Amino acid sequence: MSEPIRVLVTGAAGQIAYSLLYSIGNGSVFGKDQPIILVLLDITPMMGVLDGVLMELQDCALPLLKDVIATDKEDVAFKDLDVAILVGSMPRRDGMERKDLLKANVKIFKCQGAALEKYAKKTVKVIVVGNPANTNCLTACKSAPSIPKENFSCLTRLDHNRAKAQIALKLGVTSDDVKNVIIWGNHSSTQYPDVSHAKVKLHGKEVGVYDALKDDSWLKGEFITTVQQRGAAVIKARKLSSAMSAAKAICDHVRDIWFGTPEGEFVSMGIISDGNPYGIPDDLLYSFPVTIKNKTWKVVEGLTINDFSREKMDLTAKELAEEKETAFEFLSSA
Ligand SMILES: NC(=O)c1ccc[n+]([C@@H]2O[C@H](COP(=O)([O-])OP(=O)(O)OC[C@H]3O[C@@H](n4cnc5c(N)ncnc54)[C@H](O)[C@@H]3O)[C@@H](O)[C@H]2O)c1
């Protein structure tokens, strides 16, 4: 057995964490022979609830969990981390403007970025889930200048999985028969789910999704809006936001960082846009198609971008640039 790795989950008393922690503890993310010290952070008023989560994790009797630490203190939570999964954030309340939500969260992620800088290993992999995920991730990244930018990513894998699932449902196959969908841009309703390079296995043969479906108007219309608005549809139906599917997507994202992507496949994640080959401005935290090897991502190169895609990729970049401007204006005046 190797040395234990130290993994932090923030927002650990929340609903995503409740679906996530068991999968981390049972070896589904870092492998069945990787011992883990699991650190749970939440805010002080949630310590009672977090204590219940801690008890349940103990009661799961998971052999890979060498220790579980529940805390409301950043110096304890961020110390010597190998992986930080930042789920906790300020939820949107009734009547709250998007700008106010952004400000409240940028403040949290500035503090947590500074705590990463001060206490975590320089090799730490940071995954941001709490919304607005892209801009929170950029804020944390900028607040931890001694940790490589490439170590930061935000979750768009749930959108990616939603896109795969919609194609699979339409074609009557399972979602593992669909690969290489792309989510471009922001984890918001401006995201662009793109299947122009996606493939599907049909009757044992791999074909392009456009060729397989022969329904361009659905692919360019309802498919895109369904994926873009899936989060809102789940909230409307469940009266709570996606948690089980978000936790599953976090597991997929982190497992791929740890073990790499399968040969010939790419996945979507929000990463720093510096030097990207698709004309997206630098210094944005934008979702791209990537492959991962040796815990390092690389943007997939050489995909042709048609006019339809170009417009949608630029629109979501524009929204991210505006979010960044609001966030940084606030940070510089705070
Ligand atoms: N990127 C994605 O694909 C995606 C998908 C689903 C949800 N989300 C986002 O994930 C976040 C969490 O969702 P949830 O359903 O678990 O919410 P939740 O409200 O059930 O839980 C959030 C938890 O975070 C805690 N928290 C708040 N501020 C904190 C801080 N400063 N430090 C540590 N913990 C803090 C809260 O006390 C709460 O326990 C939300 O922002 C949600 O919008 C993102």
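Does Phe223, at 0% relative accessibility, count as buried or exposed, and where does that lead us? In this predicted model, Phe223 counts as buried, because its relative accessibility is 0% and the cut-off for buried is under 20%. Its ring pairs with that of Trp218: the centres lie 5.5 Å apart and the planes meet at 45°, so the pair is tilted. Trp218 is buried too, with a relative accessible area of 10%.Let us move on to another pair of rings. Tyr192 and Phe308 have ring centres 6.2 Å apart and planes at 75°, so this pair is edge-to-face. Tyr192 belongs to strand S9 (residues 192-194) and Phe308 to helix H12 (residues 307-333), so the pair ties together parts that are 116 residues apart in sequence. Tyr192 is buried, at 3% relative accessible area, while Phe308 is partly exposed, at 24%. Phe308 has a charged companion as well: the charged end of Lys220 sits over its ring, 4.9 Å from the centre. You can find a similar arrangement at Trp258, where Lys295 lies over the face of the ring, at 4.4 Å from the ring centre.

Now look at the nonpolar residues. The largest nonpolar core has 106 residues, and Phe30, Leu38, Ile85, Leu116 and Ile167 touch the most other members. Helix H11 (residues 244-259) gives this core its largest share, eight residues. A second, separate core has five residues, among them Leu102 and Phe330.

Finally, turn to a sheet. Three strands form an open, antiparallel sheet in the order S7-S10-S11. Strands S7 (178-179) and S11 (205-208) are its edges, each pairing on one side only. Strand S10 (residues 199-202) pairs with S11 over four bridges, and Val200 has Val207 in S11 as its bridge partner.

Notes
Residues are numbered from 1 along each chain as its sequence is written. This is a predicted model: local features need pLDDT of at least 70, side-chain atom pairs count only at pLDDT 80 or more; totals for chains, interfaces and linings use all residues. Side-chain values use heavy atoms; hydrogens and water are left out. Two strands pair if DSSP finds at least two bridges between them. Helices (H or I, at least four residues) and strands (E, at least two) are DSSP runs, numbered from the N terminus. A nonpolar core is a set of buried Ala, Val, Leu, Ile, Met, Phe, Trp, Tyr and Cys residues joined through side-chain atoms within 4.5 Å. Buried means under 20% relative accessible area, exposed over 50%, partly exposed in between (1.4 Å probe, protein chains only). Rings of Phe, Tyr and Trp (its six-membered ring) pair if their centres lie within 6.5 Å; planes under 30 degrees apart count as stacked, over 60 as edge-to-face and the rest as tilted. A charge sits over a ring if NZ of Lys or CZ of Arg is within 6 Å of the ring centre and within 35 degrees of the ring normal.
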